[in-house]
Amino acid sequence: QLQLVESGGGLVQPGGSLTLSCTASGVTLDYEAIGWFRQAPGKEREGVACINSIVSKDVDSTFYVDSVKGRFTISRDSSKNTVYLQMNSLKAEDTGVYYCVTDFVATGTSLRKLGDYWGQGTQVTVSS
C-alpha cells in the first residue's frame with residue numbers, strides 16, 4: 001500500500017507562512033495526483049488543494065478550494081520526490097491536521113476522499 005508521510009507543520013502566527021511536505025518511499029510521486037486535506041477540531045475533514053500527476057494531459061494543473069485560493073500553493077519537486085503545500089497569509093481557521101492523499105476525486109468546487117485510510121498527518125496551528 002502506498003504510504004505517504006506528511007511533515008512541516010508547526011505553530012505560526014496569523015499572517016505567517018508554513019510549507020508542508022508530502023513524501024513516500026518506493027513510489028515516484030510524479031505519477032500520482034496528490035491532494036491535501038485538513039481536519040480542524042470538531043469539524044469534518046475537507047480537501048484544500050490538489051495537483052495532477054505529470055502524466056496527466058493537464059500536467060501539474062492544480063485545484064484549490066475557495067477558502068485557500070490565492071493563499072496556498074501546491075507544487076512538486078521531482079528531484080526530491082516531494083509534493084509541497086506552501087501556505088501563506090495563514091488564518092486561525094487554517095488550524096488543523098493536514099494530510100496528503102492519492103485516493104480522491106476533484107469536482108468543480110471540492111475534493112472528495114475515496115477511501116478511509118489516513119496517515120499520521122501534520123499539525124498546523126495558527127495562533128497569536
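Colleague: Which residue in strand 8 does Leu18 stand opposite?

Modeller: In this predicted model, Leu18 stands opposite Met87 of strand 8. Strand 3, residues 18–24, pairs with strand 8 in the antiparallel sense over six bridges.

Colleague: What makes strand 3 and strand 8 a pair?

Modeller: Two strands pair if at least two bridges are found between them, and strand 3 and strand 8 have six bridges, running in the antiparallel sense. Strands of a sheet pair through backbone hydrogen bonds, either parallel or antiparallel.

Colleague: Which order do the strands take in the open sheet of four strands?

Modeller: The order is 1-3-8-7, and the pairing is antiparallel. Strand 1 (4–7) and strand 7 (72–77) stand at the edges because each has a single partner strand, which leaves one side of each without a neighbour in the sheet. Neighbouring strands of this sheet are turned by 20° against each other on average, direction ignored.

Colleague: Why is strand 9 called largely enclosed by the rest of the structure?

Modeller: Six of the six residues of strand 9 are buried, and therefore the strand is described as largely enclosed by the rest of the structure. Strand 9 is joined to strand 4 by five bridges, in an antiparallel arrangement, and Val97 of strand 9 is the bridge partner of Gln39. Strand 9 also runs antiparallel to strand 12 (residues 122–126), with three bridges joining them, and there Tyr98 stands opposite Thr122 of strand 12.

Colleague: How do you know that Cys22 and Cys100 form a disulfide?

Modeller: The sulfur atoms of Cys22 and Cys100 are 2.2 Å apart, and the cut-off for a disulfide is within 2.5 Å, so the pair qualifies. By this rule the count comes to one disulfide. Cys22 lies in strand 3 and Cys100 in strand 9, so the pair ties together parts that are 78 residues apart in sequence. Both cysteines, Cys22 and Cys100, are buried.

Colleague: Why is the disulfide of Cys22 and Cys100 called right-handed?

Modeller: The torsion about the S-S bond of Cys22 and Cys100 is about 80°, and therefore the disulfide is right-handed.

Colleague: What is the distance from Cys50 to the nearest cysteine sulfur?

Modeller: The nearest cysteine sulfur, that of Cys22, is 13 Å away, and Cys50 is in no disulfide. A disulfide needs sulfur atoms within 2.5 Å, so a distance of 13 Å does not meet the rule. Cys50 has a relative accessible area of 5% and is buried, since buried means under 20%.

Colleague: What makes the contact of Asp94 and Arg38 a salt bridge?

Modeller: The side chains of Asp94 and Arg38 meet at 2.8 Å, N to O, and a salt bridge requires such a nitrogen and oxygen within 4 Å, so the pair counts as one. This pair links distant parts of the chain, with Asp94 in the loop between strand 8 (82–87) and strand 9 (96–101) and Arg38 in strand 4 (residues 34–39), 56 residues apart. Asp94 counts as buried at 0% relative accessibility, and Arg38 counts as buried at 4%. Asp94 and Arg38 are also linked with Glu46 and Arg71 in a network of salt bridges.

Colleague: How many salt bridges does the structure hold?

Modeller: The structure holds six salt bridges, among them one in which the side chains of Lys113 and Asp103 meet at 2.8 Å, N to O. Lys113 lies in strand 11 (residues 111–113) and Asp103 in the loop between strand 9 and strand 10 (104–106), so the pair ties together parts that are 10 residues apart in sequence.

Colleague: Why is Lys113 called buried, and why is Asp103 called partly exposed?

Modeller: Lys113 has a relative accessible area of 14%, which is under the 20% limit for buried. Asp103 has a relative accessible area of 27%, and partly exposed covers the range between 20% and 50%.

Colleague: Which residues touch the most other members of the largest nonpolar core?

Modeller: Trp36, Leu85 and Met87 touch the most other members of this core of 31 residues. The strands that each supply at least two residues include strand 5 (46–51) and strand 6 (62–64). Leaving aside residues up to four places away in sequence, Leu85 touches a group of residues including Leu18, Trp36, Val48, Phe72 and Tyr98.

Notes
Residues numbered from 1 in each chain as written. Predicted model: local features only at pLDDT ≥ 70, side-chain atom pairs only at ≥ 80, totals over all residues. Heavy atoms only, no water. Buried < 20%, exposed > 50% of the residue type's maximum accessible area, 1.4 Å probe, protein only. Axes fitted to C-alpha atoms, helices over the stretch in contact; angles between N-to-C directions. Core = buried A, V, L, I, M, F, W, Y, C linked by side-chain atoms within 4.5 Å. Contact = heavy atoms within 4.5 Å.
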